[in-house]
Amino acid sequence: MTQTHNKSWLRAHGHTGSRVTFLELFFDLVFVFSVSQLSHALFAHYTPLGAIEAALMMFAVWWVWIFTAWATNWLDPERMPVRSMLIALMLLGLVLSASIPEAFGEKGLLFASAYVLMQVGRSAFTTYAMRASGRSATINFVRITTYFAVAGVFWIAGGFLEHEARLICWVIALLIEYSGPALGFAVPGLGKSRTEEWDVSGAHMAERCALFIIICLGEAILVSGRTFSEMEFSVMTGVVFLIGFVGTVAMWWLYFRFGHQRAAHRIEHEDTPGSLARQAFTYAHIPILAGIIVHAVAVEFMFEHPHETGNLAVAASVLGGSDLFLIGNLWFKGATSGRLPLSHLAGIVILILCAFLAPFMQVYVMGILAALVLIIVAAWEYKSLTRGPAGPALH
């Protein structure tokens, strides 16, 4: 393979080169299944241990998706080798998603094997493809591949173990992987990456993450619709269905009205776009994703136990989903605008205060309050950001 030919695998950044391709959208369909499996797993095993296990799997699903998004920021999915790589990742992603319900049971090794093959295989492929960009870009991906390979040892080892031992091994693996970007993927003998070297297309990253959030919000709507269709109609089921829908729409508004377009513009004009993209997309979207998944679980609880009071675990899902979502948006918007949204801070505090009233409120009432807080935050932000171009540091 000549360097010139290899060069054709890379994406040409610019208005046309930065667009999201149909294959990337097709690839994302796998993660509709992943998010669905995660919400079902958390709902079915809603215990402290079940929540930890679901969180671990969510971190894994997000990490494999976001690193693929980073890879396709540089690689051109219209080229056959890159297209083949993405299709192979789709197949492995289906295996990964199908293994989620039994990842801490009989399918632990299958889950771990699919995950490691996706992470190490994609990174090794990108390392080869990036040779045309020069030694610096190639070494960056050698470092990344090294982190995934080392973590892969713990993933596979955990697949052979059981119960707490598996959980410990997989936590170690995730700690290795998640520390990578923050440490610049430092590797003895290879040094570490500098964010100045991470030349990314802000428009592409913003659109990729926005599409992933759409997938997650779509799953929340599907949960409401599916559960509503399976239950006998009553005034209460209608109320809960409306609560779930309004809460999901409020989340959509909060993220898309002022979030992702501003982020794309900021990164495109940033001197060190890689550093900002790492914070805004790689890390800040994690609580956003978690919030939507927990919100979907909360809707199911509201359908099943609308009048229950005093269940703090259910209250944690009803209020916690909205709180996590606001925390993620606070982080995301603060990183990309340089301003901490006061509206979001206020919403987070109000939801925390509502938790003290949770033992005395019925579940559906808590759902109404959570949705109302999101609507108030969205209205506050809309009013503060449409008054004029100039404004205070906090809005």
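Glu-24 is placed in helix H2, where a helix is a DSSP run of H or I with at least four residues, a strand is a run of E with at least two, and both are numbered from the N terminus. Glu-24 is buried, with a relative accessible area of 1%; buried means under 20%, exposed means over 50%, and partly exposed covers what lies in between, with a 1.4 Å probe and protein chains only. Beyond its neighbours within four places in sequence, Glu-24 is in contact (heavy atoms within 4.5 Å) with Arg-11, Arg-19, Thr-72, Pro-77, His-204 and Arg-208. The C-alpha atoms of Glu-24 and Ile-87 are separated by 9.7 Å, with their positions 63 residues apart along the chain.

The model is predicted, with local features requiring pLDDT of at least 70 and side-chain atom pairs counting only at pLDDT 80 or more, while totals for chains, interfaces and linings use all residues. Residues are numbered from 1 along each chain as its sequence is written, and side-chain values use heavy atoms, with hydrogens and water left out.

Now for the protein as a whole. It has 15 helices and zero strands. Of its 395 residues, 54% are buried. Among contacts with a separation of 6 or more, 80% join residues that are 24 or more positions apart. The protein exposes about 16,700 Å², and carbon and sulfur atoms supply 69% of that area, as computed by the Shrake-Rupley method with a 1.4 Å probe, where for residues only the protein chains shown count as cover.

What does the inside look like? The largest nonpolar core has 123 residues, and Trp-62, Ile-66 and Trp-155 touch the most other members. Such a core is a set of buried Ala, Val, Leu, Ile, Met, Phe, Trp, Tyr and Cys residues joined through side-chain atoms within 4.5 Å. Helix H3 (residues 48-74) gives this core its largest share, 15 residues. Setting aside neighbours within four places in sequence, Trp-62 is in contact with eight residues named here in chain order: Tyr-178, Cys-209, Phe-212, Phe-281, Thr-282, His-285, Ile-286 and Leu-289.Empty space can be looked for as well. Rolling a probe the size of a water molecule over the atoms shows where such space is left. On a 1 Å grid over the protein atoms alone, a cavity is a set of points where a 1.4 Å probe fits but cannot get out, whereas a pocket is an open set with protein on both sides within 12 Å along at least five of seven lines; lining residues have an atom within 4 Å of a point. Grid points are joined across faces, edges and corners, and a volume is the space filled by probe spheres set on the points.

A search of the whole structure finds one cavity of 30 Å³ or more. The largest cavity holds about 90 Å³ of space. It is lined by 15 residues, and those closest to its centre are His-295, Met-302, Val-318, Ser-322 and Ala-370. Helices H9 (235-256), H12 (285-304), H13 (312-337) and H15 (363-385) are the elements that give two or more residues to this lining. By class, the lining has eight nonpolar, seven polar and no charged residues; Ala, Val, Leu, Ile, Met, Phe, Trp, Tyr, Cys and Pro count as nonpolar, Asp, Glu, Lys and Arg as charged, and the others, Gly among them, as polar.

The second largest pocket contains about 310 Å³ of space. Of the 17 residues that line this pocket, Leu-42, Ala-51, Ala-55, Val-294 and Leu-324 lie nearest its centre. Two or more lining residues come from each of helix H2 (22-44), H3, H12 and H13, and H3 provides the largest share with six residues. The lining of this pocket divides into 15 nonpolar, two polar and no charged residues.

Some backbone angles are also worth a look. Most residues other than glycine have a negative phi. His-163, although not a glycine, has a positive phi of about 55 degrees. This residue is found in helix H7 (residues 163-182) and is exposed, with a relative accessible area of 56%. Phe-185, also not a glycine, has a positive phi of about 50 degrees. Phe-185 sits in the loop between H7 and helix H8 (202-230) and counts as buried at 4% relative accessibility.

Two further residues complete the picture. Thr-127 lies in helix H5 (residues 108-129) and is buried, with a relative accessible area of 12%. Not counting residues up to four places away in sequence, Thr-127 touches Thr-138, Phe-141, Val-142 and Thr-145. Thr-127 and Val-142 are 15 residues apart in sequence and 6.2 Å apart in space, C-alpha to C-alpha. Trp-252, in helix H9, is partly exposed, with a relative accessible area of 40%. Apart from neighbours within four places in sequence, Trp-252 is in contact with Ile-214, Leu-217 and Arg-257.
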